[in-house]
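Could you take me on a short tour of this structure? I have it open in my viewer and would like to know what to select next and what I will find there.

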Amino acid sequence: MTSKHLSLNNIKIDDPFWNGVCELVRTEVIPYQYEALHDRVEGAEKSYCIENFRKAGAVTAALRRGETVPVYPVDKWQYTDDNCDENAFHGWVFQDSDAYKWLEAVGYSLMNHPDAALERKAKEVVATICAAQLENGYLDTLYIINDRSRIFTNLRDFHELYCFGHLVEGAISFFRATGDRRLLDAACRFADLICETFGEGKKRGYGGHEIAEMALVKLYEETGEKRYLDLAAFFVNERGQRPYYFDAEHGVTSKGEAYHYNQAHRPVRQQNEAVGHAVRGVYLYSGMADVARYTEDNELYQSCQKLWDNIENKKLYITGGIGATVDGEAFSFNYDLPNDLAYSETCASIGLIFFARRMAELNATARFGDVAERALYNTVLSGMGEDGKSFFYVNPLEVNPEASHKDSRKFHIKPVRQKWFACACCPPNLARLISSLGEYAFAENEDTFFIHQYLGARVNTRFGEVRVQSDYIENGTVTVSAENPVNLALRIPSWCSNFTISAPYKVKDGYAYVESVTTVSVQFDCEPKLVRCSNRVRANVGKAAVTMGPLVYCAESVDNGDNLQMLILDRDTEFERDGEYLIVDGWRETPQDSLYFHDTEIQKIPCKIKLHPYYRWGNRGENEMQVYLRVQ
């Protein structure tokens, strides 16, 4: 049963759990990121983002005056004060996208919280961006500043189409919030240039880092211009075809093995395992689902289903994280889910939520909402500090700070959140997702209102206003009241063994369907549980994680002392709740200084183990953390 998510203009979130998070993003994260993009955060890595747009604007103005402008090399992924001219582009090749994601978050925020001062700042950023656009519509500061002759010559590595995708999404959000068309018009001009450049009988290329596919579909939805949908379908269908476009682009001949990283090793309809860079992967799969929906391409949908199955059943951390290895920020092989080496990039879980929403809209099956929920409440929230000014790029399930500092294999594991990153994709991605949360919670079709995520909210639907009151995280209760009788589809979360619904219902694919009601109450039994994973996952044999509802819990040494590996959970424990904490019976092994000893010498001392939600770890200074603990 297909459905479509509702626009944020129709949703007002009022939720005891999410109100504080959304307000933190609005009042702290968005303003902080504005300062970071302008390189005004003391002690943080420089962004260069707005500076690049200003440089590009100066180049564009000079070109219009007929002046000759300098040319600089376009030959690396990151440009720093040490490796390039001071007047050249600085930062990573995809630096433009940070501003676009920030503007997207601003647009979503303004829809629910008008803010004249924030809107004024955003419009200044928009003006700076638009001033950089070339007369033919091209807009990417790396090439505008450094070398216009190299435009669209290295799609594999240099992220023009990726930046374009974020431009589109930021422009649509900002236009919907403010009615200001400048950025949307700029995005359409760039899209028109791309349509003129790529497609049948033209360049047969596609982006090395996907997102243009789903952005073009969104632009089609906004404008009704079918050429944008057609180009999205072309990019999807052309990827991985032989001869490999990336071979031709770089003057090589290969068998495509290197293109697993870009999901371009074979045509997408022949792919059944999620491989390569995890963010790129789920962005592609999201675009595939979009194209499948609008072109009614069942074969493409089945390819999406196979890729989803592989992720969910063989490559997904219990926290909703994906991308197990630092090598290529990539999916690893099946069942390879190390805890202390996990990459689990924040952006990857955000992209997984994008994919999940699209799959749920194509086919309302609870598994999609279950995975999105697990990613949202754990890895995504973990990516942002409680101060709104510090962030995790990587979200491991086990941290030993000494190893993070001394072991090069674990340098990517940070025991505390960082102020900013030179490669700062995750912070603005967080801001835009949380600011648009309602779009991932509710959907509708001709006769049914779907609740995929249990956020408290007032929602304007085609059936009239629907009010969702939610105490879902605290005790699993939800009440839905409607202005007019409405058919409801309520996701039954996979973590819930028992539930009650106050009206008659039928269950299909994990949703409870309730017909023609104005009020219905739901109680999901929300009890702590020990959860094991497959014994094919070598890292977790003999271990279990503790969950309650959608939340995964972890132990930190600030609560339990050092050497968390010595803790053992009692399998038959009775859980105690102490505020946000769960208290669990168990044992602590006594330290053994001898490197080897007889098994009979192991001593265990009974203890209470204190666990709290994973998303809150790392807010109390540098300390050990562990999700999976041994069980006896």
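Colour the chain by secondary structure to begin: this predicted model has 18 helices and 22 strands.

Now zoom out to see the whole chain. Its C-alpha trace spans about 80 × 65 × 50 Å along the principal axes. A compact globule of 632 residues would have a radius of gyration near 26 Å, and the chain's 25 Å agrees with that. Switch on the surface next: the accessible area is about 24,200 Å², and carbon and sulfur atoms own 46% of that area. Beneath the surface, buried residues make up 61% of the 632 in the chain. If you display contacts with a separation of 6 or more, 70% of them join residues 24 or more positions apart.

Next, select residues 116–132, which form helix α4. Try a distance between its end C-alpha atoms: they lie 25 Å apart, in agreement with the 24 Å expected for 17 residues at 1.5 Å a residue.

Show the side chains of Leu118, Ala122, Val125, Val126, Ile129, Cys130 and Ala132, which are buried in α4. They sit on the same side of α4, because they cover an arc of only 145° around the axis.

What covers these buried residues of α4? Add α1 (18–37), α2 (49–64), α3 (96–112), α5 (141–146), α6 (160–178) and α7 (182–197) to your selection, since the cover includes them.

For a last stop, go to the start of α4 and pick Asp115 and Ala117. A side-chain oxygen of Asp115 comes within 3.2 Å of the backbone nitrogen of Ala117.

Technical notes. Residues are numbered from 1 along each chain as its sequence is written. Side-chain values use heavy atoms; hydrogens and water are left out. Helices (H or I, at least four residues) and strands (E, at least two) are DSSP runs, numbered from the N terminus. The expected span of a helix is 1.5 Å times one less than its number of residues. Buried means under 20% relative accessible area, exposed over 50%, partly exposed in between (1.4 Å probe, protein chains only). The arc is that of the directions from the helix axis to the C-beta atoms. Contact means heavy atoms within 4.5 Å. A polar contact is a pair of N or O atoms within 3.5 Å; within protein, one must be able to donate a hydrogen and the other to accept it, and residues adjacent in sequence count only if both atoms are side-chain atoms. The radius of gyration is taken over C-alpha atoms; the globule rule is 2.2 Å times the number of residues to the power 0.38. Accessible areas come from the Shrake-Rupley method with a 1.4 Å probe; for residues, only the protein chains shown count as cover.
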